[in-house]
Amino acid sequence: MSHISINRQRQRGKISKYIYGQFSEHLGRSIYGGLWVEPNSEIPNVNGLRSDAITALKAIKVPVLRWPGGCFADTYHWADGIGPANKRKKIVNTSWGGVVENNHFGTHEYFELLKQLGADAYVNGNLGSGTVQEMSEWVEYMTFNGTSPMADLRAANGRKDPWHVKFFGVGNESWGGGGNMRPEYYADLYRQYQTFLNSYDADHPLYKIASGPNVDDYHWMDVLMKSAAPYMDGISLHHYALASAWEDKRPALAFPENEWFSLIKSAQKMDELITKHSTIMDKYDPQKRVGLIVDEWGSWLRTEKGTNPAFLYQQNTIRDAMIAAITLHIFQKHVDRVQMANIAQMVNVLQAMLLTDGPKLIKTPTYYIFKMFLKHQDALAMDTLDTLAETTSASVSKNQDGYFISLCNYGLTAADTVTIDMDSTIHTVAGEMLRGTQMDQHNDFDHPDAVAPEKFTATTHDSHQLTAKIPPMSVVTLQVTTEN
Ligand code: AHR
C-alpha cells in the first residue's frame, strides 16, 4: 500500500526538459548503422540519416543530444570531420575496438541530425589530446556569424549561417580516459580552455560544462567547485547501474532474481550521489547557479553473444524500464540542481532507446518510458508527501490540465494499491502502463512489440481521492484533469 498527497503549495520547481536528454558517441553502431547510413544507402534515409530512427526519436521529443563522446571526444579532432566526405581522414577509433573511423559523420552531419530531431546541441570538446586553439576554433567554426577564418571555412563547406550551440563540454572523464588528471590540474586546464570558448552570439551564450566526478568522487567535486565554479555553468556526473562489480558485467537477459534487485539498487544510488554532490556544490554555489549535469547514466550490462565486446551492444528489458523510471524520478526530485541528464546511449549502445539490425529497427522498453513520461518535460515538479511501499517509486508534476503522475512498482509478485489525495476536484483520469510478466521481457527483431504500452484502467476515484492498483514489474502514468 502506498499513499501520496498532493498540495499545490508544495512545489520543487520546473523539470527541465533537458533531463530527458540523450547521448550518442562514435562507439560501435551508435552513430554508424544506428543513425547514419550514408546518403546512398538502401535503408530509407534523408541526407544519410535513417528515417525510421528519426521518426521514432521525434516521437520522444529528444530535447538535446550530447556528441561525439564520451571517451571518443578526447581523441576527436573536429577538423578531420569536415569537407568532402571522400577526402576526410580515416582514423583508428582507439577508444572503442580499434575500428576504422572514416569521419563521414562530422560537425555538419551532427547539426543535420539535430535539425531532423528538433534537438539542441551539446558538443563535447577534446581537452585530453587537443589544444586550446583547436577547441576555440571549433566553437568559432560552429557559431561565428561574420568573416573569420573558421566562419569562412564553414561557408566554403556549404554552410553560411552559424549554428546554435547551447551546451559545450570541456573534456570527458578527465580523471580517467580523458587524461588521468588530478582535480587540481584539470581545474586549472578547465579555467584556461574555457577562457577561449567565445560566446559569439550574445543572446545565446555558451553553457560551459566542466568534466565532473566519477560516481562518488566527492574530492573531485570539492576541488572543482572550489577552484573553478565561477567559470562554469554546469559540472558533469557519471554513474552507471551495475548488477555486480564493474569487472563482472552481468547478462542483460536470463538473469537471476537477485540481479533484478542488485541492478535496481545500483541505479537508486543516483539519489545519494546527487544529494551528496549537491551538498558540496551548495558550499561554493549557494544560489544553485551551477547545474549538475548527469551526462552519462543507465544500465551497463554484458554485451550480447556474437557482437564485438567493444561495441557495448546490450539487450534492454522491462528491468531497464524500471531503471529509467526510477532514475528519472530521482532527477525530478532534484530539479533545483539537475539541469540536464543524458542517458547512455541513444541507439545500439548500453541502455538504448532503439536497436537496429541492418534495415530493421525496434523500440526498447526504455524508449517507451521516455515516451510515456513526455508530459513531465518542462512541467512543475510537485513536492508530494509520500508513504510508499518498499518497491514503489513515484513522481508528480503539474501541468495546465491538472497533474501528471508516474508510478513504478518494481516488485516481482505483488501489486501495489496507491492512494493519491488531490487538492482539487478530479474530472478525468487517463492511464497508460508498460508491464512485464517475466523479468527479462524484451523486444527483439522477431517480436518487436513484446513490451509496449497499453491503456491502464485499474483506477477508481471520488472527488478528491484517486486509487490505482499498480501490477508488479510495471510503470504506470496517469494524467488527471482537475477543476483548476
Ligand atoms: O558511454 C560509454 C563510455 O562510458 C563513455 O565513452 C565514457 O565517458 C564512459 O566511461
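The following paragraphs describe the domain arrangement and the ligand site of a predicted model.

The protein chain is divided into two parts, with domain 1 spanning residues 17–377 and domain 2 spanning residues 385–482. The centres of domain 1 and domain 2, taken over C-alpha atoms, are separated by 30 Å. Between these domains there is an interface to which domain 1 contributes 36 residues, in contact with 36 residues of domain 2.

The ligand occupies a space that corresponds to the second largest pocket of the predicted model. Around the ligand there are 13 residues, of which Glu-25, Cys-71, Glu-173, Tyr-240 and Glu-296 come nearest. By residue class, the shell around the ligand consists of 7 nonpolar, 3 polar and 3 charged residues.

Polar contacts to oxygen atoms of the ligand are made by side chains that include those of two glutamates and an asparagine. In the side chain of Glu-25, an N or O atom lies 2.7 Å from an oxygen atom of the ligand, while for Glu-173 the corresponding distance, from a polar side-chain atom to a ligand oxygen, is 2.8 Å. Asn-172 likewise places an N or O atom of its side chain 3.0 Å from an oxygen atom of the ligand. Taken alone, the ligand exposes 290 Å², and 94% of that area is buried by the protein.

Definitions and conventions:
Residues are numbered from 1 along each chain as its sequence is written. This is a predicted model: local features need pLDDT of at least 70, side-chain atom pairs count only at pLDDT 80 or more; totals for chains, interfaces and linings use all residues. Side-chain values use heavy atoms; hydrogens and water are left out. A residue is near a molecule or strand if one of its heavy atoms lies within 4 Å of it. A polar contact is a pair of N or O atoms within 3.5 Å; within protein, one must be able to donate a hydrogen and the other to accept it, and residues adjacent in sequence count only if both atoms are side-chain atoms. Accessible areas come from the Shrake-Rupley method with a 1.4 Å probe; for residues, only the protein chains shown count as cover. On a 1 Å grid over the protein atoms alone, a cavity is a set of points where a 1.4 Å probe fits but cannot get out, and a pocket is an open set with protein on both sides within 12 Å along at least five of seven lines; lining residues have an atom within 4 Å of a point. A molecule sits in a cavity or pocket if more than half of its atoms lie within 2 Å of its grid points. Ala, Val, Leu, Ile, Met, Phe, Trp, Tyr, Cys and Pro count as nonpolar, Asp, Glu, Lys and Arg as charged, and the others, Gly among them, as polar. Domain bounds come from an automatic or database domain assignment. Contact means heavy atoms within 4.5 Å.
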